[in-house]
Every structure is written in C-alpha cells, then in structure tokens.
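Open the model in your viewer and keep the selection tool at hand. The tour makes three stops.

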Amino acid sequence: PRGHLASSWLFLLPLVVCASFYGPQNLVWFKTAPIETRLLFVALMLASAATYALAFLTVPIGWIQRLTPSFSSFRQAAPRAASLCLLAFAALLIVSCGTAEKIPLLEAFLGATGGELTVYREMFLRARVDPLGKVLNYGYSIFTNSLAPLAITAAFYRGTWWRHIALAILVIGLSLTLAKSALFAAAFPLVALFLMQRRYIAAASTFVAFIIGLGAMYYAASGRIGADFVFPEPVVAEGTVLTGNGERVPARRARARASKPADAQVVNGSVTPDHFNLLGRDDALSLAINRLAWIPYITALDWMRNGAETLQGKLLLGQSIKPLAKLTGREPIYLDRAVASYQWGQNTTGTASSNAVYVMDAWLNFGIVGVLVYSAVVALIIRLIVATEDPPLIAAAVVPVWTLCFQALPPMLFSGGIAFLVLVALVSLAAKGEQAPCSRAAR
C-alpha cells in the first residue's frame, strides 16, 4: 500500500543518511580525531538511532490524533493554501531583493569574484541585523525549507495549471543566494513524490536537472562567470590595469581573472585545515568527496572537541537555544558559529556557521538525556507526518528530515519549518474525518 511505502522510506531516511555520512568514516584511521572522541561519537549515534527506532515503533500517537478535530475549521482553506503560500513567497523575494545591497546571483553575472560573492551571499539575508532583514531571513528559511516545497508537491500531486510557474519561483528564490545545495529543496521533494507515484522517468529527469543545477551553482559561486567571459565594455586608460601578458583590461575584469581557480578546491586551499582534506588532493573530484563524505563527519567531531575544550564538560542546558536562553536571562551561545571559528576562523560578517547532526547539539546542551529526548521527538514528528498518508506532505518532509541529519533540532523546528509541517499534519488528520491509520504497535 502507498501509505505503508511512505511510512517505510520516510522512517528509514534519517537512519540511512546518518549511517552513510557518519558510519564508514569511523573506519578511516588517518587524519581523524582521537579514538576516544570517535568512540563517544559512535556511542551517541547508536543510542540516538536505537531511541529513534524504538520511539517510532512503540510510542502511541492516538492522543495526538484526538486533538485533530480542533483543526477541522482549517479544512476549507486547504485547497487555496498552496497558491497563497507561493504568492507570499514571491512577495518575500521581491522585498528581499529590493532591500538588499547586493543580489549574489545578479552580481555573479556582473563579474564579481568568488571572494566578493562569498560576502554578498552572507549580506543578502543572513548578516542583516535590521528588524525587516531578520523577518525576511526567517521567512526565507521557513518558506524554502518547508512551506514552498509543500506547496510545490501539492500542486504537482493535484496537477494544477500553475505548478511549473510555482516551481520556477522556488528555483529562482533558491538560486538568489548561490548556495550550492539550495536546489535540493526544489528537486528532492518532487523526486520523492514521483517515486511514490511510480513515475520513475519523471523522478530521474528531476534528479538529472538537480545535478545540472548544482554544477551551475558551483560555477556561478566560484566567480568563473567574470573570469571566463569577455565583457563588451570598452577598454580605456582610466580604471584599467596591466596584466601579465601586457594587456590592459578593466580593473573589475582583472580581479575576476586573478580569482579564477584551477578548480574549486584551490580557492579555499590556503584556509582549509588538513583534516578536511581526506585525499590530500586539490582537484574538483576530491573537493566533492570532501564535502559529501568527510566534512559532515569531521564537523560533528569538531562540535565535540570544541565543546570539550571551551565548555570543559559543562552542559549548556539550552543556552544555545535563543528563546530559552533569553527566558532564563542568559546570553545565547551560537554553537554553529563558534565551531566555524574553531575550524576556519570567522568571516567578515560574523555569520559563518558549521552545522552538525542534531545529536551533537543535544549532547552539548543536555547530555545523554538530550540525545534520547531529541531522538524521540524526531521519531514522533515523522510518525505524525506519515500517519496522514498524504503524499505531498510526506514528500515535502524530505527537506527538513534530511537537514536534521546536519543541523540542530530547535532551529529546524521553527526557522526550518518543521513546526509548520506538524500543523499541516494535524489539519490533514482532521480532514480525514476519522482516526488516521497507525502502526500495529500504536493500535
């Protein structure tokens, strides 16, 4: 049955992702953390996986489903919610672009260097401290992580006439920041939906389009557009520089050429710690292997090592959770930024972050109790979503569930949009008009 298929793959998704990104790496004996740190990491991940599986299979959700009738009043608004969501997202993009100093995607086509684009990406939303900028930043995160993917999957599931327009809006919105993996939020929910519908050609085509888009993002973000293309602007004496081959070119073009890397790894070669370079090489393939198969694992270990050195065994007790820190009268600690400074050194905007699987945040805040509770909460969230047997909602959950394997749980609940998906799940259960099917254990 389709519902059983959905519950199986969404339940397995975080287990498979964590096993792939954090499992085999522990067998690598060179260029890694001390054996004590690695063993502790393995123990925490196994405890998390066991708790997650046990909670998903045994914790009943009938008491939650009994609350769903109170959400039945939202049923009439559901058909229009997707279109309204996309209109709101489009409005947010217009305001964001209109109030930003620089638009990274536009600056890339104007010939900005890779270093300049790195700064522009942070300045576009993340580094903004004005009230409007903060609202736009949080809104952008919520829309791109949950609401917009949900609207897209719902549109494609129902076959609405505007579904491709909506997809274009999401792709453009994700491309504005030149974040390499941003297009994941547009592609993978559709891949999941098409697989659930057994539309294998559509799923394969969407995946291929994602790979092409990913390559285009890397190309644009590296500054190669300015380095590889000759702009039609006239060459004049003022504002030009003399290159090594005796050619006079505009200063902006010369900067772009100077920043042109032999490959993407060379750009960061001087600031990349040795333990981030698994193969010890500087080619593009090695960069991809580092980013996919090594950096997530090493970053998780660096969370533990940085915590051990700076906290000296003390638990944060929620100090890295901004609302909780404010309520308890403490100054918030941004663990992701602290680890980025520990690894790379902070950037000029002070917003560089190094995220890790939610287990690390739970461990540093609440110890082993936090690891167990966080894992059970994740299981409960996924259990509630799959209980709806709603293909668009289950497919859209791919983005936040995947992201949880690389980020902390508290920010994903709100700025990551998981709380909104839970609300949609409650509304969906209410719309079914009867208690949603549960697993045998829940019955």
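The model is a predicted one. Start by selecting Phe11, which sits in helix 1, residues 2-22. Is Phe11 buried or exposed? Its relative accessible area is 13%, and the cut-off for buried is under 20%, so Phe11 counts as buried.

Keep Phe11 on screen and add the residues it touches beyond its neighbours within four places in sequence: Tyr52, Ala53, Phe56 and Ile382. Of these contacts, take Phe56 and draw a distance between the C-alpha atoms. Phe11 and Phe56 are 45 residues apart along the chain, and their C-alpha atoms are separated by 8.0 Å.

Next, select Arg128. Arg128 belongs to the loop that runs between helix 6 (114-124) and helix 7 (131-158). Arg128 is buried, with a relative accessible area of 13%. Which side chain does Arg128 join through a polar contact of 3.1 Å? Show the side chain of Thr99: that is the partner. Thr99 also appears among the residues that Arg128 touches, when those up to four places away in sequence are not counted. The others to display are Ser96, Ala100, Met123, Gly133, Lys134 and Leu136.

For the last stop, switch to a surface view and select Ile368, Val369, Leu372, Val373 and Val377. Together these residues form a nonpolar patch on the surface, with about 370 Å² of accessible area. Pick out Ile368, which lies in helix 17, residues 358-387. Ile368 is partly exposed: its relative accessible area is 39%, a value between the cut-offs of 20% and 50%.

Notes. Residues are numbered from 1 along each chain as its sequence is written. This is a predicted model: local features need pLDDT of at least 70, side-chain atom pairs count only at pLDDT 80 or more; totals for chains, interfaces and linings use all residues. Side-chain values use heavy atoms; hydrogens and water are left out. Helices (H or I, at least four residues) and strands (E, at least two) are DSSP runs, numbered from the N terminus. Buried means under 20% relative accessible area, exposed over 50%, partly exposed in between (1.4 Å probe, protein chains only). Contact means heavy atoms within 4.5 Å. Patches are made of residues with over 30% relative accessible area and no salt bridge: like charges are joined within 9 Å, nonpolar side chains (Val, Leu, Ile, Met, Phe, Trp, Tyr) within 5 Å. Accessible areas come from the Shrake-Rupley method with a 1.4 Å probe; for residues, only the protein chains shown count as cover. A salt bridge is a side-chain nitrogen of Lys or Arg within 4 Å of a carboxyl oxygen of Asp or Glu. A polar contact is a pair of N or O atoms within 3.5 Å; within protein, one must be able to donate a hydrogen and the other to accept it, and residues adjacent in sequence count only if both atoms are side-chain atoms.
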